[in-house]
Amino acid sequence: MGAERPRFEVADVVRAHGDDYRRVHPASAAQQKVLRHIADCRTPALGGHLDECDSCRHVRISYNSCRDRHCPKCQGPQRAEWLAQRIERLLPVPYFHVVFTLPDDLNPLALRNQRRVFKILFAAASQTLLQIARDPNHLGAQIGMTAVLHTWGQNLLFHPHLHCVVTGGGLSSDGTRWVAGRDDYFLPVRVLGKLFRGKFLDALHSAWKQGELDLAGSTAELGDPVRWAALKDRLYRKNWVVYAKPPFGGPEQVFGYLGRYTHRVAISNHRIIEFSAGRVTFTLRDYKNGGNKKSMTLGAVEFIRRFLLHVLPKAFVRIRHYGLSAARNVH
């Protein structure tokens, strides 16, 4: 039996207050497209087909889905298809969950330069894991990893981070044997954090130096070398958070995790518990206080604004594979 249909949906908010949002906030072409797709999903606007029962001849209308990757209603079938393709690449070894998070100081720059900053985030995190794992002082092997980009926190504000599923071991440098890691320990997170910080900021500075960053609005002052240097110094003084969670219990847990995280959008319809009088109430986990479940209420326009913060650049790939998990290593 399927999950109970949610009482309220993101689509309800968009249909009722999408025009209100557009009057207050400029929406990019990509954001306009997402709003249109979510509003039209599984409605007559996208067409449909008739299903007729062979026995009683009862007819039911099924409307087409928008298949937008930001739509809360369209992720189930895409997730199932993706997971089926990943079965062959899952190795019978322990897996760890590692999370790389960017400091909040970078949020304005990342929002304005999403494609460039997200690309640097993927590169810095993957290179950090692969490099430390290859080091004979740590694991001394080539690992495999799948990285998934999330850009939201529970309150829907911008919070870019990578969730990585990483093999708890790897191939030896000569490719002849498997080097197993400890069952309860992956790699030193403080070492990972420092290397990740250095790789990310080095690549970001190169992009700034070559004029590849869009510096305008709230980030305009970063065009000044003095202000840019001050931001870099502040970021180098911070401890960058890399979090390694306990290992998964087995392949079933890995797939359960991937199924929840790979095709997740900023908020699911099931988290919306009330929508009335232009206000949206939804549940969230307060991870700063033990993950306690709470609720938050926002005006509909602010809810839509936060939701649209997480519309990805066109054709940007948010799930990537490295090392042993890369396509070239699968036969």
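Arg197, Gly198, Leu201, Asp202, Leu204, His205 and Trp208 of helix H6 meet Pro225, Trp228, Lys232, Leu235 and Tyr236 of helix H7 in this predicted model. Sorted by class, the contact of H6 with H7 holds 7 nonpolar, 2 polar and 3 charged residues. The axes of H6, which covers residues 189–209, and of H7, which covers residues 225–237, come within 11 Å and cross at roughly 170°. Because angles over 145 degrees count as roughly antiparallel, H6 is described as roughly antiparallel to H7.

A second helix pair is formed by H1 (residues 10–24) and H9 (residues 300–308), whose axes lie 9 Å apart and pack at an angle of about 105°. This angle makes H1 roughly perpendicular to H9. On the side of H1 the contact is made by Val10, Val13, Val14, His17, Gly18, Asp20 and Tyr21, while H9 contributes Ala300, Val301, Phe303, Ile304, Arg305, Phe307 and Leu308. By class, the contact of H1 with H9 has 10 nonpolar, 2 polar and 2 charged residues.

The two pairs are set side by side below.

| Helix pair | Axis distance | Angle between axes |
|---|---|---|
| H6 and H7 | within 11 Å | roughly 170° |
| H1 and H9 | 9 Å | about 105° |

Both helices of the second pair also touch a sheet. This sheet is open and has 3 strands in the order S9-S10-S11, with antiparallel pairing. Strand S9 (272–276) and strand S11 (292–299) stand at the edges, and each has a single partner strand, so one side of each is left without a neighbour in the sheet. From one strand to the next, the twist averages 25°.

Strand S10, residues 279–286, pairs with S11 in the antiparallel sense over 8 bridges, and phenylalanine 282 stands opposite methionine 296 in S11. H1 packs on the sheet, where it touches S9 and S10, and the direction of H1 makes about 20° with that of S9. H9, in turn, lies across S9, S10 and S11, and runs at about 115° to S11.

These elements belong to a chain with 9 helices and 12 strands. Of its 331 residues, 46% count as buried, and the chain exposes about 17600 Å², of which carbon and sulfur atoms supply 50%. Among contacts in the chain with a separation of 6 or more, 70% are accounted for by residues 24 or more positions apart.

Methods
Residues numbered from 1 in each chain as written. Predicted model: local features only at pLDDT ≥ 70, side-chain atom pairs only at ≥ 80, totals over all residues. Heavy atoms only, no water. Axes fitted to C-alpha atoms, helices over the stretch in contact; angles between N-to-C directions. Helix = DSSP H or I, 4+ residues; strand = E, 2+ residues; numbered from the N terminus. Parallel < 35°, antiparallel > 145°, perpendicular 65-115°, else oblique. Contact = heavy atoms within 4.5 Å. Nonpolar A, V, L, I, M, F, W, Y, C, P; charged D, E, K, R; others polar. Buried < 20%, exposed > 50% of the residue type's maximum accessible area, 1.4 Å probe, protein only. Areas by Shrake-Rupley, 256 points an atom, 1.4 Å probe, with all protein chains shown as cover. Pairing = 2+ DSSP bridges.
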